[in-house]
Amino acid sequence: MMKRPDPLDNPEMKRLQCFIYLIPIMGVFPALWTLYRNEGSRDQRAASRWAVLLTLGWIFGYILLGAGAQSGGTSALPLLILSSLLTSGYFLVNIWLMVRLWQRKSLQLPRLGALGDRPRQRKGRSR
């Protein structure tokens, strides 16, 4: 019996999946699934790592700034403004990465480019 080709195994569908990973807040769930299964192309894994890192950074910052605003009397307003700037930045960075993906450029952020890439391990050497 002949195997049917997977309709999701073409470059355009993989690129569409990368767009889905970069959807703010909701895209982190399929991105986590891709990383958990350790499947997908190199670009899919890179987009998944960026989606997870950005979302975790945003959630962590949002929670800390919200807790600081709740506990600090007169300093609450600057913390709430900073929290809204953090949220806006999170959305803008995700949209910017989507634009770079649409332009078929690499998904690297200035000064943080190596953060989204998985460290390469050398086989056979121990240091």
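## Starting at Arg 100

Let's begin with one residue and work outwards. Leaving aside residues up to four places away in sequence, Arg 100 touches Lys 105, Ser 106, Leu 107 and Gln 108. Keep in mind as you look around that this is a predicted model.

Arg 100 belongs to helix 4. Is Arg 100 buried or exposed? Its relative accessible area is 17%, and because buried means under 20%, Arg 100 counts as buried.

## Helix 4 and its partners

Helix 4 covers residues 76-102, which makes 27 residues. With 1.5 Å for each residue, a span of 39 Å is expected, and the C-alpha atoms at its ends are indeed 39 Å apart, so the two values agree.

Arg 100 has company among the buried residues of this helix: Ala 76, Ser 83, Tyr 90, Asn 94, Leu 97, Met 98 and Leu 101 are buried as well. Which helices do the buried residues of helix 4 pack against? They pack against helix 1, residues 11-21, and helix 3, residues 42-71.

## How helix 1 meets helix 3

The two partners of helix 4 also pack against each other, so here is a word on how such pairs are described. For two packed helices, the description uses the angle between their axes and the distance between those axes. For helix 1 and helix 3, the angle is about 5 degrees and the axes are 9 Å apart. Angles under 35 degrees count as roughly parallel, and helix 1 and helix 3 are therefore roughly parallel to each other.

On the helix 1 side, the contact is made by Lys 14, Gln 17, Cys 18 and Tyr 21. Helix 3 contributes Asp 43, Gln 44, Ala 47, Ser 48 and Ala 51. Sorted by character, the residues of this contact are 4 nonpolar, 3 polar and 2 charged.

## Two residues with positive phi

Now for two spots in the backbone that are worth finding. Ile 25 sits in the loop between helix 1 and helix 2, the latter being residues 28-37. Its phi is near 65 degrees, a positive value in a residue other than glycine. Ile 25 is partly exposed, with a relative accessible area of 34%.

The other spot brings us back to the end of helix 4. Arg 104 lies in the segment after that helix and has a positive phi of about 60 degrees, although it is not a glycine. Is Arg 104 buried or exposed? With a relative accessible area of 56%, Arg 104 is exposed, whereas Arg 100 is buried.

Technical notes: Residues are numbered from 1 along each chain as its sequence is written. This is a predicted model: local features need pLDDT of at least 70, side-chain atom pairs count only at pLDDT 80 or more; totals for chains, interfaces and linings use all residues. Side-chain values use heavy atoms; hydrogens and water are left out. Helices (H or I, at least four residues) and strands (E, at least two) are DSSP runs, numbered from the N terminus. The expected span of a helix is 1.5 Å times one less than its number of residues. Buried means under 20% relative accessible area, exposed over 50%, partly exposed in between (1.4 Å probe, protein chains only). Contact means heavy atoms within 4.5 Å. Axes are lines fitted to C-alpha atoms, for helices over the stretch in contact, and angles run from 0 to 180 degrees between N-to-C directions. Angles under 35 degrees count as roughly parallel, over 145 as roughly antiparallel, 65 to 115 as roughly perpendicular and the rest as oblique. Ala, Val, Leu, Ile, Met, Phe, Trp, Tyr, Cys and Pro count as nonpolar, Asp, Glu, Lys and Arg as charged, and the others, Gly among them, as polar.
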